[in-house]
Amino acid sequence: MSQPRVAVIGTGVIGAMTTWQLVRRGADVLAFDTYSPGHDRGASAGESRIFRTAYKEGSNYVPLLQRAGRSWRELERSASAELLTMCGGLTIGPADHPDVQAVRRCAEEHGLDHEVLDTELARERFPQHRIDDGEVMVLDPAAGVLRPEPAVQAALRIAADAGAKVLPHHRISEVAETAHGWRITSGGTDFDVDHVVFAPGPWARDLEPLRSLPIEIRRITACWFAARDTAAHRPDRLPIAIRRHRDAGFSCFPLLDGVSVKIVPHHLGWPALDSPDDLPRSAEPEFARAAAAAAARLLPGVTPHPVRIGTFAEGFTPDEHALLGPLPGHRNATVMTGFSGHGFKLAPVFGEIGADLALRGSTEHDITQLDPDRFARA
Ligand SMILES: Cc1cc2nc3c(=O)[nH]c(=O)nc-3n(C[C@H](O)[C@H](O)[C@H](O)COP(=O)(O)OP(=O)(O)OC[C@H]3O[C@@H](n4cnc5c(N)ncnc54)[C@H](O)[C@@H]3O)c2cc1C
């Protein structure tokens with residue numbers, strides 16, 4: 001029997017991982033992208049991403065996260081690349097903050113190693129963060145920092161070495177269902193395949209069969225602040241963090257570039273975009289000033305004027321859980337989109353699931369919560 005021919009549309013982290021998983025199971029894979037692997041126009045760029053296991057977004061993610069953690073290591077070994085640095089992770093905020101409580105609950109439910117640092121201990125252990133009276137830290141040792149651009153490139157490189165055809169600068173303009181599969185068109189050339197995996201990130205609504213999916217495109221902005229004591233802000237001394245405070249909220253990433261600590265402000269909003277192609281390349285001055293104020297208030301070891309600002313597009317669903325499963329109303333198609341600001345860490349296991357669905361039509365991972373049809377049925 002000939003190998004199934006599968007097209008993957010989009011090689012951000014989700015499409016890259018799916019391509020890797022498909023080719024290692026013997027599929028003949030064509031992986032298309034409008035841009036180059038590791039580009040900065042979509043959701044899978046910006047130097048760093050958080051990996052965590054005690055998950056405020058829902059403790060039912062824990063088995064997927066644990067599987068993803070092992071898979072990140074496997075990718076690192078196969079590609080001889082360092083992609084995940086396990087520096088630990090902090091959730092910081094008032095003891096009764098819902099996210100602090102959710103992380104504690106998740107850790108307790110799953111028996112995950114964790115440590116709760118009271119105000120005094122938190123100040124002593126991690127002086128890089130300014131801690132108000134009544135605030136605590138929950139330390140998740142099974143957390144770390146991922147390198148997004150090298151990760152996408154590593155997955156595609158080993159997939160290409162194993163025979164996948166990785167086709168950057170191939171925007172798919174049309175997709176049409178045929179009697180036995182799909183016809184995919186890029187730059188006037190048609191490709192006939194047995195199955196399509198749609199992994200277009202925030203561009204989902206540009207593709208006809210995905211147009212009705214409930215995806216909102218949002219801009220997420222990251223700001224980098226120069227650290228005065230660079231050694232104190234490297235991953236060996238500064239874990240990743242989710243900071244919750246009455247005046248601000250952000251995710252915080254240790255220094256990887258030799259200069260600066262990154263924060264992604266949450267409290268300043270992630271504005272909607274009509275299209276990822278409308279992504280502004282810089283932030284408004286008010287945004288920069290407000291992010292600087294948050295850094296000045298909560299990160300005493302940085303110079304609170306951003307040395308770098310980056311904007312990125314991401315697709316969100318109404319409940320902020322991805323759409324992952326067979327594409328409703330179609331045969332031989334899998335959709336993977338709407339990762340809602342937290343898909344990167346899970347990408348290797350989502351890639352396994354994408355390959356399961358494309359090649360077998362089912363998966364043993366529990367993805368009920370991610371059913372692409374759930375909003376239509378509600
Ligand atoms: C600033 C920011 C911070 C984040 N922080 C974290 C974090 O710390 N931890 C975490 O786990 N997650 C985080 N996330 C979320 C995570 O990064 C995303 O969920 C994930 O990267 C989504 O990947 P993707 O492959 O779906 O999308 P993308 O990376 O956008 O990839 C989609 C790809 O499809 C291509 N494409 C689209 N349409 C077509 C077409 N018609 N033809 C060909 N190619 C096409 C695009 O060019 C693109 O390369 C963050 C997201 C952002 C934006």
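This note sets out numbered points on a predicted model, covering its helices, salt bridges, surface charge and backbone.

1. Helix α1. This helix comprises residues 13-24. At 1.5 Å a residue, its twelve residues should span 16 Å, and the end C-alpha atoms are 17 Å apart, which agrees. Eleven of the twelve residues are buried, so α1 is largely enclosed by the rest of the structure. Among the buried residues are V13, M17, W20 and L22, as well as T18, T19 and Q21. After α1 comes G26, where phi is positive, near 95 degrees.

2. Helix α7. The 14 residues of α7 run from 347 to 360. From the first C-alpha to the last, the helix reaches 19 Å, close to the 20 Å expected at 1.5 Å a residue. Twelve of the 14 residues are buried, so α7 is also largely enclosed by the rest of the structure. The buried set includes A347, P348, F350 and L357, together with the acidic residues E352 and D356.

3. A network that includes D356. Which residues join D356 in a network of salt bridges? They are R25, R360 and E364. D356 itself is one of the buried residues of α7, and residue 360 is the last position of that helix.

4. The pair R244 and D99. The structure holds 27 salt bridges in total. One of them joins R244 to D99, with the closest N and O atoms 2.6 Å apart. R244 belongs to strand β15 (residues 240-244) and D99 to helix α3 (residues 98-109), so this pair ties together parts that are 145 residues apart in sequence. Both R244 and D99 are buried.

5. The pair E320 and R218. The side chains of these two residues meet in a salt bridge, at 3.6 Å from N to O. E320 is located in the loop between β19 (308-316) and β20 (323-326), while R218 is in strand β14 (residues 216-226), so the contact ties together parts that are 102 residues apart in sequence. Are the two partners buried or partly exposed? E320 is partly exposed, at a relative accessible area of 34%. R218 is buried, because its relative accessible area of 17% falls under the 20% cut-off.

6. The pair R297 and D247. A salt bridge is formed between R297 and D247, whose closest N and O atoms lie 3.7 Å apart. Distant parts of the chain are linked by this pair: R297 is in helix α6, and D247 is in the loop between β15 and β16 (249-253), 50 residues apart. R297 is partly exposed, with a relative accessible area of 27%. D247 also counts as partly exposed, at 44% relative accessibility.

7. A negative surface patch. D206, D274, D277 and D278 together form a negative patch on the surface. Where is D278 found? The residue is in the loop between β18 (272-273) and α6 (285-298). At 45% relative accessibility, D278 counts as partly exposed, because this value lies between the cut-offs of 20% and 50%.

8. Positive phi at E47. Although E47 is not a glycine, its phi is positive, at about 80 degrees. E47 is placed in the loop between β2 (28-32) and β3 (49-51). This residue is buried, with a relative accessible area of 13%.

9. Positive phi at H169. H169, likewise not a glycine, has a positive phi of about 55 degrees. The loop that holds H169 runs between β9 (165-167) and β10 (172-177). H169 is exposed, because its relative accessible area of 57% is over the 50% cut-off. The two positive-phi residues therefore sit in opposite classes of accessibility, E47 being buried and H169 exposed.

10. A contact across the sequence at L146. L146 is part of strand β8 (residues 144-146). With a relative accessible area of 0%, L146 is buried. Its C-alpha atom is separated by 6.1 Å from that of I50, although the two residues are 96 residues apart along the chain. I50 falls within strand β3 (49-51).

Notes
Residues are numbered from 1 along each chain as its sequence is written. This is a predicted model: local features need pLDDT of at least 70, side-chain atom pairs count only at pLDDT 80 or more; totals for chains, interfaces and linings use all residues. Side-chain values use heavy atoms; hydrogens and water are left out. Patches are made of residues with over 30% relative accessible area and no salt bridge: like charges are joined within 9 Å, nonpolar side chains (Val, Leu, Ile, Met, Phe, Trp, Tyr) within 5 Å. Accessible areas come from the Shrake-Rupley method with a 1.4 Å probe; for residues, only the protein chains shown count as cover. A salt bridge is a side-chain nitrogen of Lys or Arg within 4 Å of a carboxyl oxygen of Asp or Glu. Lys and Arg count as positive and Asp and Glu as negative; His and the chain ends are not counted. The place of a charge is taken as NZ of Lys, CZ of Arg, CG of Asp or CD of Glu. Helices (H or I, at least four residues) and strands (E, at least two) are DSSP runs, numbered from the N terminus. Buried means under 20% relative accessible area, exposed over 50%, partly exposed in between (1.4 Å probe, protein chains only). The expected span of a helix is 1.5 Å times one less than its number of residues.
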